[in-house]
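Grab your favourite viewer and work through these short exercises with us. Each one sets a task and then walks through a solution.

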Amino acid sequence: MENNDFGTNKKGFIEAVGTVTDLLPATNFKVELENGHEIIAYLSGKLRKFRIKILPGDKVKVEMSPYDLTKGRITYRN
């Protein structure tokens with residue numbers, strides 16, 4: 001992501017970068033995006049499969065549907 005802008009990927013999801021602020025039950029996370037919004041995000045299948053650990057303070061890439069901007073999927077951990 002460049003210039004703190006939202007981008008879209010080839011499947012039409014909105015991609016954003018944020019920081020994990022809180023751990024929630026069932027591998028859900030509270031993520032604060034760079035623009036200040038907070039969303040609830042869950043782990044993508046690849047992150048679950050390879051057991052990638054995510055802790056508060058980690059920078060992550062999130063995919064969101066254009067229809068519901070309050071929920072998302074964590075696809076990458078920096």
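## Exercise 1: Two hairpins at the start

Task: Find how many residues lie between S1 and S2 in their hairpin, and which turn residue has a positive phi.

Solution. The hairpin of S1 and S2 has 5 residues between the strands, and Gly12 in the turn shows a positive phi of about 95°. Keep in mind that this is a predicted model. Next, look at the pairing itself: S1 (residues 7–8) and S2 (residues 14–24) are antiparallel, with 2 bridges. Within it, Thr8 has Ile14 of S2 as its bridge partner.

Now follow the chain onward to S3 (residues 28–33), which pairs with S2 in the antiparallel sense over 6 bridges. Here the hairpin has 3 residues between its strands, and Ala26 in the turn has a positive phi of about 65°. One pair to locate is Leu24, standing opposite Asn28 in S3.

## Exercise 2: Tracing the remaining strands

Task: Work out in which sense, parallel or antiparallel, S4 and S6 run.

Solution. Start from S3, which pairs with S4 in the antiparallel sense over 5 bridges. Their hairpin has 4 residues between the strands, and Gly36 takes a positive phi near 100°. Asn28 turns up again here, opposite Tyr42 in S4.

Then step across from S4 (residues 38–43) to S6 (residues 68–77): 4 bridges join them, and the two strands run parallel. Two places to check are Tyr42, opposite Arg73 in S6, and Ala41, opposite Gly72 in S6.

From S6, move to S5, its antiparallel partner over 5 bridges. S5 and S6 form a hairpin with 2 residues between them, and Val60 stands opposite Arg77 in S6.

Finally, return to S2: 6 bridges join S2 to S5 (residues 59–65) in an antiparallel arrangement. Thr19 has Lys59 in S5 as its bridge partner.

## Exercise 3: The whole chain

Task: Write down the order of the elements from the N terminus on, and explain why the chain counts as compact as a globular protein of its length.

Solution. First count the elements: there are 1 helix and 6 strands. Read from the N terminus, they run β-β-β-β-α-β-β. The radius of gyration is 11 Å, close to the 12 Å that the globule rule gives for 78 residues, so the chain is as compact as a globular protein of that length. For the extents, the C-alpha trace spans about 25 × 25 × 20 Å along its principal axes.

## Exercise 4: Rings and charges

Task: Determine how many aromatic pairs the structure holds, and which residue lies over the face of Phe13.

Solution. Searching the whole structure for aromatic pairs gives 0. Turn to charges over rings instead. Arg73 lies over the face of Phe13, 5.0 Å from the ring centre. Arg73 is also the residue that Tyr42 stands opposite in S6. Likewise, Lys61 lies over the face of Tyr76, at 5.7 Å from the ring centre.

## Exercise 5: The largest pocket

Task: State how much space lies in the largest pocket, and how its lining divides by class.

Solution. The largest pocket holds about 150 Å³ of space. Its lining residues include Leu23, Thr27, Phe29, Leu43, Leu47 and Ile52. Among the others are Arg48, Arg51 and Lys53. Sorting the lining by class gives 7 nonpolar, 1 polar and 3 charged residues.

Note on methods
Residues are numbered from 1 along each chain as its sequence is written. This is a predicted model: local features need pLDDT of at least 70, side-chain atom pairs count only at pLDDT 80 or more; totals for chains, interfaces and linings use all residues. Side-chain values use heavy atoms; hydrogens and water are left out. On a 1 Å grid over the protein atoms alone, a cavity is a set of points where a 1.4 Å probe fits but cannot get out, and a pocket is an open set with protein on both sides within 12 Å along at least five of seven lines; lining residues have an atom within 4 Å of a point. Grid points are joined across faces, edges and corners, and a volume is the space filled by probe spheres set on the points. Ala, Val, Leu, Ile, Met, Phe, Trp, Tyr, Cys and Pro count as nonpolar, Asp, Glu, Lys and Arg as charged, and the others, Gly among them, as polar. Rings of Phe, Tyr and Trp (its six-membered ring) pair if their centres lie within 6.5 Å; planes under 30 degrees apart count as stacked, over 60 as edge-to-face and the rest as tilted. A charge sits over a ring if NZ of Lys or CZ of Arg is within 6 Å of the ring centre and within 35 degrees of the ring normal. Two strands pair if DSSP finds at least two bridges between them. The radius of gyration is taken over C-alpha atoms; the globule rule is 2.2 Å times the number of residues to the power 0.38.
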